[in-house]
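Here is a set of short exercises to help you find your way around a structure you have not met before. Try each task on your own, then walk through the solution.

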Amino acid sequence: MKSLFFSLTYNVLTRLVLLVISMLSVKILSVNEYGELSYILVIASSLAIVSLFGGGVVVNRNYSIGRIDGSFELANKILYFNLLVSFIVSLVVLLVMLVFITDIKNLIYVYLLFFLMSINGIFEGALYGLGKYRDLGINSIFTFLLSIFVSYILIMELKVFGALIALIVYRILMLLLNIRSIVKTKIIKRMNMIDVVNDKKIYR
């Protein structure tokens with residue numbers, strides 16, 4: 001029952017914080033400013049979906065299997081492989097964006113948002129697979145409370161720039177907390193990326 005509560009808490013709060021920031025933006029920003037913000041967020045969200053390409057789900061499934069089998073070696077390799085692929089895809093996307101987005105500031109915002117979203121999706125999948133619902137729930141509660149307070153101040157003072165910084169801060173904080181939760185399990189081990197890429201099991 002507790003697992004369900006923390007899982008729901010994470011899912012609700014990670015979406016609610018974006019809704020609250022959006023509502024604050026509607027209230028504080030002008031129509032043109034909100035249009036600019038929405039434009040950046042739509043692009044970042046779309047790119048994150050493409051760059052993740054189900055990586056979080058695959059990681060989740062393999063850590064769940066690892067819990068049953070009592071071995072996380074393959075799951076760890078799949079985690080590392082998905083992180084590597086995400087980094088490579090993000091660099092390719094960055095090169096493509098350089099052609100289509102001429103405003104350097106918008107380019108940076110879009111890149112940071114989609115990159116953080118895709119990387120966190122992989123670590124989120126690992127925590128779900130490991131059954132660390134309590135960690136996910138607590139992480140989301142902390143980031144939600146802090147982000148709402150910080151977001152209001154940033155949007156009031158810096159308008160569109162403030163809203164984007166608030167979202168980036170939220171994504172970074174959530175990523176760091178999720179990484180910390182995984183590190184605490186002591187399940188993740190350092191691996192040679194060449195060995196990871198050469199392991200045919202991760203391609204099955």
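Before the exercises, one definition: rings of Phe, Tyr and Trp pair if their centres lie within 6.5 Å, and planes over 60 degrees apart count as edge-to-face. Please keep in mind that this is a predicted model.

**Exercise 1. The overall build**

Task: Describe the secondary structure of the chain and decide how its radius of gyration fits the globule rule.

Solution:
- Step 1. Start with the elements: the chain has 7 helices and 0 strands. Read from the N terminus, the order is α-α-α-α-α-α-α.
- Step 2. Now take the radius of gyration, which is 18 Å, and set it beside the 17 Å of the globule rule for 204 residues. The two values are close, so the chain is as compact as a globular protein of that length.
- Step 3. Along the principal axes, the C-alpha atoms fill a box of roughly 55 × 45 × 20 Å.
- Step 4. Look at how the chain meets itself: among contacts with a separation of 6 or more, 82% join residues 24 or more positions apart.

**Exercise 2. Surface and charge**

Task: Work out what share of the residues is buried, what the accessible surface is made of, and how the charged side chains are divided.

Solution:
- Step 1. Of the 204 residues, 46% count as buried.
- Step 2. The accessible surface is about 11,400 Å², and carbon and sulfur atoms contribute 69% of it.
- Step 3. There are 19 positive and 10 negative side chains, with the centres of the two sets 9 Å apart.

**Exercise 3. Aromatic company**

Task: Find which residues form an aromatic cluster, and classify the pair of tyrosine 111 and phenylalanine 114.

Solution:
- Step 1. The whole structure holds 8 aromatic pairs.
- Step 2. For tyrosine 111 and phenylalanine 114, the ring centres are 5.5 Å apart and the planes meet at 80°, so this pair is edge-to-face.
- Step 3. Both residues sit in helix α5 (residues 104-129), where they are 3 residues apart, about one turn of the helix.
- Step 4. Check their surroundings: tyrosine 111 is buried at a relative accessible area of 17%, and phenylalanine 114 is buried at 0%.
- Step 5. Put the group together: Phe87, Tyr111, Phe114 and Phe115 make up one aromatic cluster.

**Exercise 4. The start of the chain**

Task: Examine serine 3 and serine 7 in helix α1, then classify the pair of phenylalanine 5 and phenylalanine 6.

Solution:
- Step 1. Serine 7 belongs to helix α1 (residues 2-28), and serine 3 lies in helix α1 too.
- Step 2. Apply the cut-offs: buried means under 20% relative accessible area, and partly exposed lies between that and 50%. With 16%, serine 7 is therefore buried, while serine 3, with 39%, is partly exposed.
- Step 3. Not counting residues up to four places away in sequence, serine 7 touches Tyr128 and Tyr133.
- Step 4. Serine 3 and glycine 137 are 134 residues apart along the chain, and their C-alpha atoms are separated by 9.1 Å.
- Step 5. The rings of phenylalanine 5 and phenylalanine 6 have centres 5.3 Å apart and planes at 70°, so that pair is edge-to-face. Phenylalanine 6 is buried, at 15% relative accessible area.

**Exercise 5. A look at asparagine 62**

Task: Decide whether asparagine 62 is buried or exposed, and list its contacts beyond its neighbours within four places in sequence.

Solution:
- Step 1. Asparagine 62 is part of helix α3 (residues 55-69).
- Step 2. The relative accessible area of asparagine 62 is 11%, so this residue counts as buried.
- Step 3. With the neighbours within four places left aside, asparagine 62 is in contact with Leu74, Ala75 and Ile78.

**Exercise 6. Two lysines with a positive phi**

Task: Locate lysine 159 and lysine 186, and compare their exposure classes.

Solution:
- Step 1. Recall the background: most residues other than glycine have a negative phi.
- Step 2. Phi of lysine 159 is positive, near 60°, and lysine 186 has a positive phi of about 60°.
- Step 3. Lysine 159 lies in helix α6 (residues 133-185), whereas lysine 186 is in the loop between α6 and α7 (193-198).
- Step 4. Lysine 159 is partly exposed at 32% relative accessibility, and lysine 186 is exposed at 65%.

Terms used:
Residues numbered from 1 in each chain as written. Heavy atoms only, no water. Helix = DSSP H or I, 4+ residues; strand = E, 2+ residues; numbered from the N terminus. Rg over C-alpha atoms; globule rule 2.2 N^0.38 Å. Buried < 20%, exposed > 50% of the residue type's maximum accessible area, 1.4 Å probe, protein only. Contact = heavy atoms within 4.5 Å. Areas by Shrake-Rupley, 256 points an atom, 1.4 Å probe, with all protein chains shown as cover. Lys, Arg positive; Asp, Glu negative; His and termini not counted. Charge placed at Lys NZ, Arg CZ, Asp CG, Glu CD. Phe/Tyr/Trp six-rings, centres within 6.5 Å; stacked < 30°, edge-to-face > 60°.
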